[in-house]
Structure formats: C-alpha cells, structure tokens
2 protein chains.
Amino acid sequence: MPPAAVAVASGDCGLSTDSVGSKGWGLPRYGAELYGCKEAVRREIHSAREVIALVMDSFTDMDIFKDLQEACSKRHVKVYILLDQASFPHFLKMCSNLGVNIEEQKLMRVRNINGNTYYTRSGAKIVGKVHEKFMLVDGIRVTTGSYSFTWTDGKLNSSNIIILSGPAVEHFDLEFQILYAESKPINPWLLSCSQEREMANQLIKPWISKT
Amino acid sequence: MPPAAVAVASGDCGLSTDSVGSKGWGLPRYGAELYGCKEAVRREIHSAREVIALVMDSFTDMDIFKDLQEACSKRHVKVYILLDQASFPHFLKMCSNLGVNIEEQKLMRVRNINGNTYYTRSGAKIVGKVHEKFMLVDGIRVTTGSYSFTWTDGKLNSSNIIILSGPAVEHFDLEFQILYAESKPINPWLLSCSQEREMANQLIKPWISKT
C-alpha cells in the first residue's frame, strides 16, 4: 500500500506547497512560490483529465467556476457538483452574473444535498446543512479542508486545505457516492426564477441603453 | 520518512474509522463500531498525554469542552485554544452555562484570532474570520476537516474530518505557531460581562428559590 501524499495549503499564512503527488510530500516554501487555498484548488482543476467530483457548502467564486467550465468545454472533463441546498441560490446568482445557464452545460451535473433531519420534542423539523468540503480529481487525488469556494474564504478568512493521494482517496470516493445517492436534482423553481431574472435583464438592458 | 496515517470520519454518513496510528490506515467499518466526527475528536482528546493545541472557528460543544477540562485537571495535559474572535462570546456563554471561569483553568490558555484585514476603495475596513479547524495532540497527530465543535455540526450538519500522523503534522505545528503568534489575549470586557452575568445569576437564583 503506497503512502499517502499530504500537502497543506493555508489561506492567508504564507504556508503553501510546491507539488503534490503520490511519491512524496509537498514541502512549504517561503518566497519562492507562495500560493494559498484558492490557487491550490485551481491547480488541481487544471490538472484534471477525466472527472472532477466535488461537495461544497458554499460556491460563489467565479474564477473557480470558470476553471470548471473550461475543464468541461475544452478538455471534456466531466464535473459533478453537490451543493448545500441552502446556499444554492447564491451559486445560481453567480452563474446568472456570468451569463451561464447550468442546464446547458453538457458535461456538468449540479445537484443539491442537505444535512441530517432532526425532529424536536414539539415535532418541529430542523434540516441540517452540508459542511463537508472536498474535491476528487480523476479519482486519484482529493482536496479537502475548511476552505469554501467563496471570495471571503479566498481573501478574508483564514482557511486550510490538504491534498491527499493514495488509499485515503477511496474513503472520499465512497463518501461522494453516498452523498450523490442522497442528493436531489436542483429545484426547478429556482432555475425558472433565474431564467426569468435573466429574461427581465435582457428586456431591461436595451431599454436602459436607449434612455 | 514514515507514511502518514489518514483516517476519515464523517458526520452523518455512517463512514467511520476503527483506529488511527502511524503504522497504518484506519479502515471504515460498518455496523461493528460506528462513530462520527464528535466521537473521533473525543477519542483523540482522551488519548492526549501532554499537550493539545487547537484552532477553531466555533466552539460550543459542552461534551468536548468537558473532555478538555478533564484532560487538564486529571491528566495534567496542557490545552491551548485559539478561537475566532467573532464566535468567542458563544464560547464564553457555554463556559458560563457550565459554571466554568476559563481564567481559573491553570493548564488551559484561550486566545482570540482573526482572519485577514481588507480595506475597500472607500476606506472601509473588513476583518475576516478564522475558518481553520484543526487539533494537534501531543505533537504527533492532527485532526482536521470541516467539523466545528458545535452541537449542529455533531448532530445536524454533514461534516468530515481526517486524522493524520507522520510528517503532515509538522505543517500544522508550524501553522499553529504562526497563528499563536498572531493571536491576542481574550477581551477582558467580554470576560467581565460574563462574570457580571454570573454574579447576577448568583444573586437572582437564591431570590427565585425564596419566592
């Protein structure tokens, strides 16, 4: 059983990694080549050749989404995104801002997930959120940690991720399959809202330019 | 260089690990011994012999805090806690509910940290949060992932953690040192508020019992 390669990338502390692979450890470098969580995630996406499967609580980072879209359209990489249902409208808004209709992305599948359901003594139902964050690349590497794909986590908040290869990936692969089986298709109502908003924008924009 | 031991524990998916050590992998077991993130964290605390150093965004889980307190008082384990400043009042409230004055804990040090500071074009200052979550045990193992020490992450939300040993721990050790150097002592105003609340409670309780 080969050893797992573990590399640590931090959001804002200057601790970063050089390279990640199954042969050894990524060592921190100061000065030479510093990059944080966002850059580590983007490098992982760029390295994908076949499939990317990710679970995220909040996804509003445009650069990362564009990278995923590019992986789909230019390198024919299949992309599976499981997103927490509560944060899905923000993801949809980002797509709308980018002029992207996710239903038109041939190699991209986006689905919703929730946490556990809990019933209080009074019978009230509480639905948990998904705080898991990991991204499988080609089934051979996994990026996981506290970093969410948002501007605040990339710039403001202190976050960390680790990149694993080797047998650890199997755990995440299984976890993704379980979560995918529990996931639901995206809410058509939200999509129609977004489409309506886009249509409204298309109607309003020419009107504004004329006035 | 010994291989890293990586074990994955999930919040609510039934995926868990048996044992974690530097010799090999913790393998998932179904049925025999299932435990989630909270249980994995509590087992790690129970295993500590010398020092626990943790960074957390939100810490309100009473069981985990009691475990840390017990490690301090009964096994003389030194405990260092770095907490995000924004969530600190909730931590303090939990301590107050438990009747614990953290300033009286001889072997426990609690300090505050923030994320990055960002200045907008208009000159407004935005202070980021700490989303990093990891716990070093005796400098030989680290528990990290998306799991926060809260009731909701333990019961409702879907979270994951991994437990690492081997050279990966060095990265986290260095990261903790950097964060500790950046951390600040806890806000005396918040403490005095809590003490005042406790004093008020002590005054009110006998009065209520008399009426």
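This is a short tour of selected strands, a helix and two loops in a predicted model.

**Stop 1: strand S2 of chain A.** Select residues 51-56 of chain A, which form strand S2. Most of S2(A) is covered, with five of its six residues buried.

**Stop 2: the parallel neighbour.** Add residues 78-84 of chain A, strand S3. S2(A) and S3(A) run parallel and are joined by six bridges. To see the register, pick A:Val51 and look across to A:Lys78 in S3(A). Now trace the chain between these two strands: the path from S2(A) to S3(A) goes through helix H2, residues 62-75 of chain A. This β-α-β crossover is right-handed.

**Stop 3: the antiparallel neighbour.** Return to S2(A) and select strand S7, residues 134-137 of chain A. Here the pairing is antiparallel, over four bridges. Which residue in S7(A) is the bridge partner of A:Leu54? Click A:Met135.

**Stop 4: the loop after S7.** Move on to A:Asp138, in the loop between S7 and strand S8 (141-145) of chain A. Check its backbone: phi of A:Asp138 is near 55 degrees, a positive value in a residue other than glycine. Then jump to chain B and select B:Asp138, in the loop between strand S7 (134-137) and strand S8 (141-145) of that chain. B:Asp138 is not a glycine either, yet its phi is positive, at about 55 degrees.

**Stop 5: helix H3 of chain A.** Go back to chain A and select residues 88-97, helix H3. Show the side chains of A:Phe88, A:Phe91, A:Leu92, A:Met94 and A:Cys95, which are among the buried residues of H3(A). A:Ser96 is buried too. Finish just after H3(A), at A:Gly99, where phi is positive at about 70 degrees.

Note on methods
Residues are numbered from 1 along each chain as its sequence is written. Chains are lettered from A and ligands numbered from 1 in the order in which they are written. This is a predicted model: local features need pLDDT of at least 70, side-chain atom pairs count only at pLDDT 80 or more; totals for chains, interfaces and linings use all residues. Side-chain values use heavy atoms; hydrogens and water are left out. Buried means under 20% relative accessible area, exposed over 50%, partly exposed in between (1.4 Å probe, protein chains only). Two strands pair if DSSP finds at least two bridges between them. A crossover is right-handed if, with the strands pointing away from the viewer, the path from the first strand over the helix to the second runs clockwise.
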